[in-house]
Each structure stands twice: as structure tokens, then as C-alpha cells.
Amino acid sequence: MANSFATRLAAALLVACLATAARAEDEAPQPSPSPSMQAQGSPQGSPQGSPQGAQQGAQQAGQKGRAGRGEAAPGASATPSAAEQHRLPPDQTTKQTVALPGRTLAFTATAGSIRVFDEKGEPLADIAYTSYALDGAEKANRPVTFLFNGGPGSSSAWLQFGNVGPWRLPFEGAVSSASPDLTPNTDTWLDFTDLVFIDPVGTGYSRFVTTAEDARKRFFTVDGDANSIALVIRRWLEKYDRLPSPKYVVGESYGGIRGPKVVRDLQMQQGVGPRGLVLISPVLDFRDYAGSSILQYVASLPTMTAVARQAKGPVTREDLADVEHYARTDFLLDLIRGQADAEATARLADKVASLTGIDPAVSRRLAGRFDIGEFRREFDRKNGKVTGRYDASVEGFDPYPDSSYFHFNDPSGDSLMAPLTSAAVDLTTRKLNWRPDGSYQLLSESVNKAWDFGHGINPAESVTQLRQALALDPKLKLLIGHGLFDLATPYLATRIALDQLPAFAGSDRTRLVVYPGGHMFYSRDGSRQAFRKEVEALMK
């Protein structure tokens, strides 16, 4: 009990420290940034992105430039601090247009960063963002949407270039050697909302500007991460005079944990009230996916069946109604009876084999309880192939088909790493004219490995914050999209979680939609277009 109490106390102190950091940041008087400050720290007329322009900007912008970056009052030292040596370059703002079918969008693009401080006013990190604002729109009524991916350790490039932004990189069928050329995105959300893509610390170009090890303990935690992103959202709204605008939050994958917590922090700590939360392929509760929980088998069975059925033709969620019913009734009951009940075990094992097409002998050996890795290998093992985790309808060769161990990666996700990284770097540095030093981190393994998910009897979950946020604001709405073939975050887990919400969070406020596709279901044209319509309806 003492250890449990100490753990909870430490977590509470961590959140308090970050909240204090937000307050400390605001204690120093900070003038509002002027409209002319399009490139933070770079006066108009100076060479954008050049060292000379950055130096002149730092000298001339003074307190205004620092306020625009969300900084507290600095010290007067003439020697560059570690923070100044590591800081990202001044923001860059450019005018852009994209020609799309039936319309041309003219917009202002900004690539830059916002600095986050600790409770003593010491700089901790520069968090990078890329924003797109439609020209000529009236700010007060124009929605603004903040987007981030998950991981933990993922940049926001997947959402920006695969789904939402003004330019798009085709994901479906991509290979590592695919061209990273971006094309105008017909399905961009910029028609109906301005967009701000946020890269958490350690992803994209975002970075620590302190060498203190304690900084990682602040940011690489469930609650510390959410607080830092909520703080950045508030500072961005202040910087660009967008506090009156309708505000929306979008998170993908681990964004299902991050998103509700960010919304709750905005409501309670930052003084910002979002109107809607959109989650894409989210995980809401890690207890559903691991350990001894039998719900992991219930949640994944319809997805595994969808993979088998799509091999014979197109599949929709409606085609899986029988499997969803079975998973939540007889299958669950037989699981509860346990393997000590030989009759129940044989019954469910044979049923699972018939639904998934996997060898009945293998299903019986595994008692009908397939974890994700076992299904991916056994589904087409006779041909030496494995399915994707992010999209199990995608198959690739098993590099060690005869091994007793798993030695394969993900054919549905790994092939995107090279073209997506190149596309993000090329757009940022060439078209948006923002040139940070250092490497761009599309998906950081070091961040993921360093992440503190919390230990003990309370694994990371966000259903608590969903309940609280929806209860606090009766006008807040929730939209969740999933892919049928996603084994990383199966859609039925979300359906079960939503079904547990009280009546005040009913179908008029919460909506789940499921499309053909995987974790990035938006890689498919029809699914991306259908989901865009759902989001536009939510915001209107």
C-alpha cells in the first residue's frame, strides 16, 4: 500500500509541476504578438531562415518575439545558454495555394515552435507545429483544429500527409523506394477548418532545449505529455488571436489516450473549451489489449474475421454483425468458462477456425485464443506470408518462415517510413522555408522506449477523462473512426468502451464509424472521403 500511495503521490506532483509551469509562464507580463510577426524573431525584410535574419530578429523583436514563442521573461546573460544553442529557428510564414477540383485554396502556412518552461521559468523544450489558415476567413467564427498522432513517439506527419493537410502522399501500395512527391489533397479539411499539426517532444523537429534528465520525466509520461500539448494549444491560440474561434482536437492511435486527456486539461487547466474531439483508430484503455484480459480476444475476433472475408470480396461492418454478436455472447461465455472446460474450449476453437480460416488443429492448440502476433503468422503460413498489424488485409513475406520464433515486421506500415520522412523534410525545408538543424523523427523508438505508461493497478486509459469532459460540457461532441482490418486497435474495443458511457453521452453526442481499411483507413480513397464528410458535419 505504501508503494502504491507513493506512486500516486509522485504522479500527482508531476502533474502539479507541469500545471505550475503553465502558471509560471504567464506570471511575467507578455505583450500580445502583432500581426506583423509572421516569422517569429524575423522582422519583415530580413532574409527568412538565414542566420543573419535570425540574429537580427532576435535583437529587434525583443520581448514581443519571446511572447510569440510562449516564453517567460529571459535573463540578461550575454553568453548563449544551452537552451539558445538547441533552440529551433524563428517561425517561417509563407503564402500558399493549392488547385483542387472545383476550387483553389489560398492559405497562410506557418512552420515554427512554441517553447515550454518549468515552474522556475527555465526553458525545457521547443515543440514544433505546422499550421495552415485559409486566407480571407473571419477568425472568430472560423474553426481551428489541432492534430497529433500517437506512438508514443510519432510525429503528426501521418495525419498531415496521409489524410488532412493541403498536400498528400499516397499511402496505399507504397514501398520504401516510392517517390516522396506530395500532390494537392482533394480531401483536405482546410475547406472547413484551419489546421495546426503538433509534434510532441522528441518527434518531428521538436526537441529538448535543456540537458536536465528530469525533463524527460516530465514529458515522457501519460499526464505530463497531455499537459504539455494542451499548453502548446493554448499558447498558439493566444499567439494568433484565435481564442474566440471554435476549437477541435484530433488524435490518432495513442492519441486515443492523449486526446481526451488534452481536452480535459484544456477545460480545467488552460481555460480553453473545445467543441469537439475526433479520434482516429484510438486505444482508449490498455487493459483491453494485454495481460490476462479475455476482452482482447473478444475485441479482435471481428477484425480477424473481416480479414478472412475480405480475401473473398469487399467487406463492410454490416457484414460482420453475426460475428460481433457471437463475440459478445457465446464466445465471451465460453472464454469465461475457461480452458478447464474442455467442451467449451473445443467449441470456441472450432468456431474461431471457421470464422478466420485458420487450421482447426492450430486453433485447438491455441484454445481459440489468438493474440495478434499468432494470428498474423498463422493466417497464411502455408504460403510463407504474414499479415500487417496496422492493416491485416496487407500481406508480406515472412523472412524466416521456418523459424519457431517471430522474426517479421509490419508489411502494412514499415514501407511508409522512408517516403513519408522524405516528404515531411522536403515540404518543411523547401516549400515552407523552415530549416531546423538535426534530424526529423517520424517515429522515434527512443521516445517509445523511454515512455512511462505508469505502473501498478491503473494502466493508462482515457475513458475517465472522456466521461468527465462530456459530463462537464453538454455541447462537446465525440467522433471516432476505425478501420475494419486494424489489429493494432480493433474497432470493437472502442464500441464496448462507448457502450459503458452514461446516457448523457448517447448517440446524439458520440458517434463511431468503421470503414474498410486498417489503422490508417484514410489511405483508401472511399474511406478517407466518407470520414471527411463526418468531420465536416461535426464542425458545422
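The following paragraphs describe helix packing, internal cavities and unusual backbone geometry in a predicted model.

Two packed helices are described by the angle between their axes and the distance between the axes. In the predicted structure, helix H6 (residues 222-239) and helix H7 (residues 255-270) have axes that come within 8 Å and cross at roughly 60°. Angles that are neither under 35 degrees, nor over 145, nor from 65 to 115 count as oblique, and H6 and H7 are therefore oblique to each other. Their crossing is right-handed. On the H6 side, the contact involves Val-222, Asp-223, Asp-225, Ala-226, Asn-227, Ile-229, Ala-230, Leu-231, Ile-233 and Arg-234. The partners in H7 are Ile-257, Arg-258, Lys-261, Val-262, Asp-265, Leu-266 and Gln-270. Classified by residue type, this contact of H6 with H7 contains nine nonpolar, two polar and six charged residues.

A second pair is formed by helix H8 (residues 295-310) and helix H9 (residues 321-328), whose axes come within 9 Å and cross at roughly 150°. Because angles over 145 degrees count as roughly antiparallel, H8 and H9 are assigned to that class. The crossing of H8 and H9 is right-handed. Val-298, Leu-301, Pro-302, Thr-305 and Arg-309 of H8 make the contact with Asp-322, Val-323, Glu-324, Tyr-326 and Ala-327 of H9. Six of the residues in the contact of H8 with H9 are nonpolar, one is polar and three are charged.

H9 also packs against helix H10 (residues 330-337), at an angle of about 30° and with the axes 3 Å apart. H9 and H10 are therefore roughly parallel to each other. Tyr-326, Ala-327 and Arg-328 represent H9 in this contact, and Asp-330, Phe-331 and Leu-332 represent H10. The contact of H9 with H10 comprises four nonpolar and two charged residues, with no polar residue. Tyr-326 and Ala-327 of H9 are thus listed in the contact with H8 as well as in the contact with H10.

Rolling a probe the size of a water molecule over the atoms shows where empty space is left. In this model, five cavities of 30 Å³ or more were found. The largest cavity encloses about 120 Å³ of space. Its lining consists of 15 residues, and those nearest the centre of the cavity are Thr-130, Gln-160, Asp-199, Thr-428 and Tyr-440. Two or more lining residues are contributed by each of strand E3 (123-134), helix H4 (157-164), strand E7 (194-199) and helix H14 (417-431). By class, 10 of the residues lining the largest cavity are nonpolar, four are polar and one is charged.

Backbone geometry was also examined. Most residues other than glycine have a negative phi, and most peptide bonds are trans. Gly-151 and Pro-152, however, are joined by a cis peptide bond with omega about -5°. Pro-152 is located in the loop between strand E4 (144-148) and H4; H4 is among the elements that give two or more residues to the lining of the largest cavity. Asp-241, a residue other than glycine, has a positive phi near 55°. Asp-241 is placed in the loop between H6 and strand E9 (247-252).

Conventions:
Residues are numbered from 1 along each chain as its sequence is written. This is a predicted model: local features need pLDDT of at least 70, side-chain atom pairs count only at pLDDT 80 or more; totals for chains, interfaces and linings use all residues. Side-chain values use heavy atoms; hydrogens and water are left out. On a 1 Å grid over the protein atoms alone, a cavity is a set of points where a 1.4 Å probe fits but cannot get out, and a pocket is an open set with protein on both sides within 12 Å along at least five of seven lines; lining residues have an atom within 4 Å of a point. Grid points are joined across faces, edges and corners, and a volume is the space filled by probe spheres set on the points. Helices (H or I, at least four residues) and strands (E, at least two) are DSSP runs, numbered from the N terminus. Ala, Val, Leu, Ile, Met, Phe, Trp, Tyr, Cys and Pro count as nonpolar, Asp, Glu, Lys and Arg as charged, and the others, Gly among them, as polar. Axes are lines fitted to C-alpha atoms, for helices over the stretch in contact, and angles run from 0 to 180 degrees between N-to-C directions. A crossing is left-handed if the near helix is turned anticlockwise from the far one by less than a right angle, and right-handed if clockwise. Contact means heavy atoms within 4.5 Å.
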